[in-house]
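Reader: I would like a close look at one part of this model: the surroundings of the ligand. Please take me from there into the packing behind it.

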Amino acid sequence: MVICGAGFGGLSAISGLTRAGLRVTLVDSHLYSTFQPLLYQVATGGLNPGDVAYPAGGVGRRYGAVFRRGELATIDPASRRVKLTNGLDLGYDYLIVATGVTTAYGHYAALSRVHPAERLPRAFAGLPSGHSGSHQFLVDDFVRACAEGVPPPNNVWQAARYGAPGIVAHQSAVQGGRLLEVPDFGDPPA
Ligand SMILES: Cc1cc2nc3c(=O)[nH]c(=O)nc-3n(C[C@H](O)[C@H](O)[C@H](O)COP(=O)(O)OP(=O)(O)OC[C@H]3O[C@@H](n4cnc5c(N)ncnc54)[C@H](O)[C@@H]3O)c2cc1C
């Protein structure tokens, strides 16, 4: 089995497959796997780049997979072979392509009440930004919260209020629809 891409998808596939007795070769163009959700903390200086990058080969080996570094160039389904740009040619019975996506950066939309366009310096006007244009505001919120010692408008207590029902609903679904309590983590400290 060949898995191309040592990101969330590729790595989560490995353990189940090797445990089921399949021989897995993991391929990635980088030597490391990036935990992307913590990139904001790297951008704002809270974490080092090394804190959010893990050796892809090490993680693969831990689950019994062989790691090959290289960029996927071509897939030949007829002969069941993939070619990497470094010339490596790998045969497979099954192939998982988990090479991620290219971010479609929108322009800042300032759709939210707490993210009015005029809040950002003019130099930011028209700059591409992810998550419907919220990234620059979220970084600004985070830095202001640290500097002024007040919770940002989108804070973890609010996120928990919106997120907890979904998590509990999932737990309920996997327990055959058992009624579960949705916890309320309260308001941010004053
Ligand atoms: C800043 C940021 C914050 C995020 N926050 C969250 C969050 O809070 N919650 C959430 O659920 N999601 C979040 N996401 C999204 C989440 O990280 C992605 O949905 C997830 O990483 C996608 O997993 P994946 O396996 O499809 O791809 P990726 O994790 O992107 O992995 C793809 C892998 O394929 C490799 N690759 C690419 N092309 C090739 C090639 N040709 N040959 C060989 N290897 C290749 C790459 O090097 C990479 O290791 C965030 C993303 C970003 C950028």
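Author: What follows starts at the ligand, moves to the nonpolar core, and then visits a few single residues.

A word on confidence comes before the details. This is a predicted model. Mean pLDDT over the chain is 88, and 95% of the residues score at least 70. Confidence peaks in strand β7, residues 81-84, at 98. Its lowest point is strand β10, residues 106-107, with a mean of 56. Treat the domain layout with that in mind. Domain 1 covers 2-97, and domain 2 covers 107-148. Their centres, taken over C-alpha atoms, are 33 Å apart.

Now the ligand. How many residues surround the ligand? The count is 21. G5, G7, G9, Q36 and G100 are the closest. By class, the shell has 10 polar residues, nine nonpolar and two charged. Which elements each supply at least two residues of this shell? They are α1 (8-19), β2 (25-28) and α2 (39-43). Helix α1 gives the most, with three residues.

Next, the core. The largest nonpolar core holds 13 residues. Within this core, V2, I3, C4, I14, V24, L26 and V27 touch the most other members. Two or more core residues come from each of β1 (2-4), α1 and β2. The largest share, three residues, belongs to β1. In soluble globular proteins, nonpolar side chains tend to be buried together. Both α1 and β2 also appear among the elements that supply the ligand shell.

Take L26 from that core. Leaving out residues up to four places away in sequence, L26 touches I3, A6, G10, I14, A56, G60, A65 and F67. Follow one of these contacts, G60. G60 sits in helix α3, residues 56-62. Is G60 buried or exposed? G60 is buried, because 25 C-beta neighbours lie inside 10 Å, and 20 or more is the cut-off for that class. Beyond its neighbours within four places in sequence, G60 is in contact with A6, I14, L26, A65 and F67. A6, I14, A65 and F67 are on the contact list of L26 too. E71 is another matter. G60 and E71 are 11 residues apart in sequence, and their C-alpha atoms are 17 Å apart.

Now V52. V52 lies in the loop between α2 and β4 (53-55). V52 has 18 other C-beta atoms within 10 Å, so it is partly exposed. With residues up to four places away set aside, V52 touches T34, F35, L38, L39, V42 and L47. V52 and S33 are 19 residues apart in sequence, yet 8.3 Å apart from C-alpha to C-alpha.

R69 comes next. R69 is in strand β5, residues 66-69. R69 is partly exposed, because it has 16 C-beta neighbours inside 10 Å. Outside its neighbours within four places in sequence, R69 is in contact with D28 and L31. R69 and T99 are 30 residues apart in sequence and 13 Å apart in space, C-alpha to C-alpha.

Last, a backbone detail. Most residues other than glycine have a negative phi. R80 has a positive phi, near 55°. R80 is placed in the loop between β6 (72-76) and β7. R80 counts as partly exposed, because 14 C-beta neighbours lie inside 10 Å.

Key: Residues are numbered from 1 along each chain as its sequence is written. This is a predicted model: local features need pLDDT of at least 70, side-chain atom pairs count only at pLDDT 80 or more; totals for chains, interfaces and linings use all residues. A residue is near a molecule or strand if its C-beta atom, placed from the backbone, lies within 6 Å of it. Helices (H or I, at least four residues) and strands (E, at least two) are DSSP runs, numbered from the N terminus. Ala, Val, Leu, Ile, Met, Phe, Trp, Tyr, Cys and Pro count as nonpolar, Asp, Glu, Lys and Arg as charged, and the others, Gly among them, as polar. Domain bounds come from an automatic or database domain assignment. pLDDT is the predictor's confidence in each residue, from 0 to 100. A residue is buried if 20 or more other C-beta atoms lie within 10 Å of its own, exposed if 12 or fewer, and partly exposed in between; C-beta atoms are placed from the backbone. Two residues are in contact if their C-beta atoms, placed from the backbone, lie within 7 Å. A nonpolar core is a set of buried Ala, Val, Leu, Ile, Met, Phe, Trp, Tyr and Cys residues joined through C-beta atoms within 7 Å.
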